[in-house]
Amino acid sequence: MAKRKELNGANLIVRDSDKRILVHRELTRKKFWMLPGGGVERGESPRHAAQSETEEETGIETDEATYRFIGFFIQKPSGTVFLYETNRYSGELITEPNEESSEACFLSLEEIVRQQEEFRTSSLRMILRYLRCVNGVDDIPYEGRLSDPVEFPANLQIAEFSSLVLRV
């Protein structure tokens, strides 16, 4: 029996000064929104994978030295996904489709909630878990499974999000 290859991944949450989150629309047939990121190549650090994939997919340049580690998600049976965040970036968003993405933009949580049907479930779960972490609900670094359902704000007393509830 052939052993299944383990593939680790890394994703990056980039937030702008308005606290919006950088996302890109994939080129596949379904064209879902997702967080920038991808597979970690052999010999590559997860931070570097997140940095290079973000630039390739969105045009946004970041410095992995500015990343804060948020946590990791076990993705059975294939590997582990590492999640980082930064609010320091430069460059211009892609304006034309490239080999990685059809478009990229920053979206607010309200826009993400409105467009949730257009998101990959894994990206929605990472976004919501990230928000729970930075709002003190879950520990940083977070350790869990990508398949675990998540809810935000989950009865939180956070005025900014009081009208939003998203369960994925």
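**Close-up views of a predicted model: aromatic pairs and the largest pocket**

The count comes to five aromatic pairs, where rings of Phe, Tyr and Trp (its six-membered ring) pair if their centres lie within 6.5 Å, and planes under 30 degrees apart count as stacked, over 60 as edge-to-face and the rest as tilted. This is a predicted model, in which local features need pLDDT of at least 70 and side-chain atom pairs count only at pLDDT 80 or more, while totals for chains, interfaces and linings use all residues. Residues are numbered from 1 along each chain as its sequence is written, and side-chain values use heavy atoms, with hydrogens and water left out.

**View 1. F69 and Y84 form a tilted aromatic pair.** Their rings lie 5.5 Å centre to centre, with 55° between the planes. The pair links distant parts of the chain, with F69 in strand β6 (residues 68-75) and Y84 in strand β7 (residues 79-86), 15 residues apart; strands are DSSP runs (E, at least two residues) and helices likewise (H or I, at least four), numbered from the N terminus. Y84 is buried at a relative accessible area of 5%, whereas F69 is partly exposed at 25% (buried means under 20%, exposed over 50%, partly exposed in between, with a 1.4 Å probe and protein chains only).

**View 2. F72 and F82 form a tilted pair.** Their ring centres are 6.5 Å apart and their planes at 45°. F72 lies in strand β6 and F82 in strand β7, so the pair ties together parts that are 10 residues apart in sequence.

**View 3. Y67, F69 and Y84 form one aromatic cluster.** Within this cluster, F69 and Y84 are the tilted pair of View 1.
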